[in-house]
Amino acid sequence: MRYEKTDRMLELCHELQFSRIGLTLEDIQERFSVGRRTAQRMKNAVLRVYSQTQEWYDDERRKRWRIPQDVSTPVGEISADELADLEFAIKSLRKQNDRRRAKSIESLVTKVKAQISQKAASRIEPDLEALLEAEGLAMRPGPRPIIRDEIVDALRRAIKEGSEVYIVHRNRERGTSSGRVIHPYGFLFGNRNYLVATSPERHPNEPRLYGLPEIEKVTIKAKSFSRLAGFSLKAFAERSFGVWQ
């Protein structure tokens with residue numbers, strides 16, 4: 001939790017510095033999904049560190065804050081999740097045949113990786129490799145699904161750690177919910193978004209699809225699990241959807 005708060009403060013510093021007109025308390029509330037008091041505490045914490053922060057009222061008499069661009073602020077550590085998201089964006093754009101944007105983001109990723117120290121890179125690489133393997137694409141036409149961030153974030157963490165997970169899953173046809181322990185292997189994102197996982201009690205040797213919108217709760221357990229030998233998310237997607245060709 002402490003690291004998450006630090007990350008949020010670094011992100012607020014960047015937002016205050018990169019915003020041309022500055023941020024109001026309402027902007028901070030919306031950007032970080034927090035209440036007014038929390039937004040005030042975050043803003044005050046930044047002001048204590050950066051006395052150069054500018055403060056003024058806009059035309060609507062709302063107070064705004066901004067850190068001048070010539071003030072040095074910490075960049076923060078680049079995470080495996082952030083790199084995986086960039087790689088996922090590249091993969092998505094290629095699937096949509098948008099090669100120009102895919103190439104542009106590829107160039108950005110190369111520049112970002114060049115800024116990472118060797119020590120940080122060696123720490124990030126295992127998690128990045130696991131996430132890239134775990135996040136496949138099954139693209140089909142149709143409306144875009146809604147994915148709950150907290151569900152995906154918890155499952156991502158479990159995949160990286162190799163941890164068992166207890167989920168509450170809703171049956172779409174019956175409308176009823178039930179809980180079960182699963183071993184998460186990866187995601188397939190597309191017209192429908194799925195978690196690929198095995199159930200040690202119901203189908204220990206046969207990965208199944210769980211619709212991400214139907215997963216209502218995720219609890220990461222302390223117990224770890226071993227993946228099925230030779231499992232490939234790409235091969236599984238080919239068998240299940242036939243979309244990789």
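Ring pairs link Tyr185, Phe225, Phe231 and Phe236 into a cluster, and this cluster makes a pleasant place to start. Rings of Phe, Tyr and Trp (for Trp, its six-membered ring) are paired here if their centres lie within 6.5 Å, with planes under 30 degrees apart counted as stacked, over 60 as edge-to-face and the rest as tilted. The model is a predicted one, in which local features need pLDDT of at least 70 and side-chain atom pairs count only at pLDDT 80 or more, whereas totals for chains, interfaces and linings use all residues. Residues are numbered from 1 along each chain as its sequence is written, and side-chain values use heavy atoms, with hydrogens and water left out.

A search of the whole structure finds 3 aromatic pairs. In one of them, tyrosine 185 and phenylalanine 231 meet edge-to-face, at 4.8 Å centre to centre and with 80° between the planes. Tyrosine 185 lies in strand 5 (residues 177-190) and phenylalanine 231 in the loop between strand 8 (215-224) and helix 8 (233-241), so this pair ties together parts that are 46 residues apart in sequence. Phenylalanine 231 also forms a tilted pair with phenylalanine 236, at 6.1 Å centre to centre and 50° between the planes. As for solvent exposure, buried means under 20% relative accessible area, exposed over 50%, and partly exposed in between (1.4 Å probe, protein chains only). Tyrosine 185 counts as buried because its relative accessibility is 1%. Phenylalanine 231, at 17%, counts as buried, and phenylalanine 236 is likewise buried, at 6%.

Threonine 198 connects with this region, since tyrosine 185 is one of the residues that it touches. Contact here means heavy atoms within 4.5 Å. Leaving aside residues up to four places away in sequence, the contacts of threonine 198 are Ile182, His183, Tyr185, His203, Pro204, Glu206, Pro207 and Leu228. Threonine 198 is found in strand 6 (residues 194-199) and is buried, with a relative accessible area of 1%. Proline 207, one of the contacts of threonine 198, is 26 residues from leucine 233 in sequence, with 9.8 Å between their C-alpha atoms. Leucine 233 has its place in helix 8 and counts as buried at 2% relative accessibility.

Taken as a whole, the chain has 8 helices and 8 strands. These are DSSP runs numbered from the N terminus, with helices (H or I) of at least four residues and strands (E) of at least two. Of the 245 residues in the chain, 40% are buried. Among contacts between residues at least 6 apart in sequence, 58% join residues at least 24 apart. The chain exposes about 15300 Å², and carbon and sulfur atoms supply 47% of that area. Accessible areas come from the Shrake-Rupley method with a 1.4 Å probe; for residues, only the protein chains shown count as cover.

Two of the helices can be compared with their expected span, which is 1.5 Å times one less than the number of residues. For helix 3 (residues 36-49), the 14 residues should span 20 Å, and the end C-alpha atoms are 20 Å apart, which agrees. Ala39, Met42, Lys43, Ala45 and Val46 are the buried residues in helix 3. They cover an arc of only 155° around the axis, which puts them on the same side of helix 3; the arc is that of the directions from the helix axis to the C-beta atoms. On the other side of helix 3, Arg37, Arg41 and Arg48 are exposed. Helix 4 (residues 80-95) has 16 residues that should span 22 Å, in agreement with the 22 Å between its end C-alpha atoms. In helix 4, Ala80, Leu83, Ala84, Ile90, Ser92 and Leu93 are buried.

Two loops deserve a closer look for their backbone angles. Most residues other than glycine have a negative phi. Serine 33, however, has a positive phi near 55°. Serine 33 is found in the loop between helix 2 (25-32) and helix 3, and at 68% relative accessibility it counts as exposed. Arginine 61 has a positive phi of about 60° and is found in the loop between strand 1 (54-57) and strand 2 (63-66). At 62% relative accessibility, arginine 61 counts as exposed.

Arginine 61 also lies over the face of tyrosine 57, at 4.6 Å from the ring centre. A charge sits over a ring if NZ of Lys or CZ of Arg is within 6 Å of the ring centre and within 35 degrees of the ring normal. Arginine 31 lies over the face of phenylalanine 32, at 5.4 Å from the ring centre.
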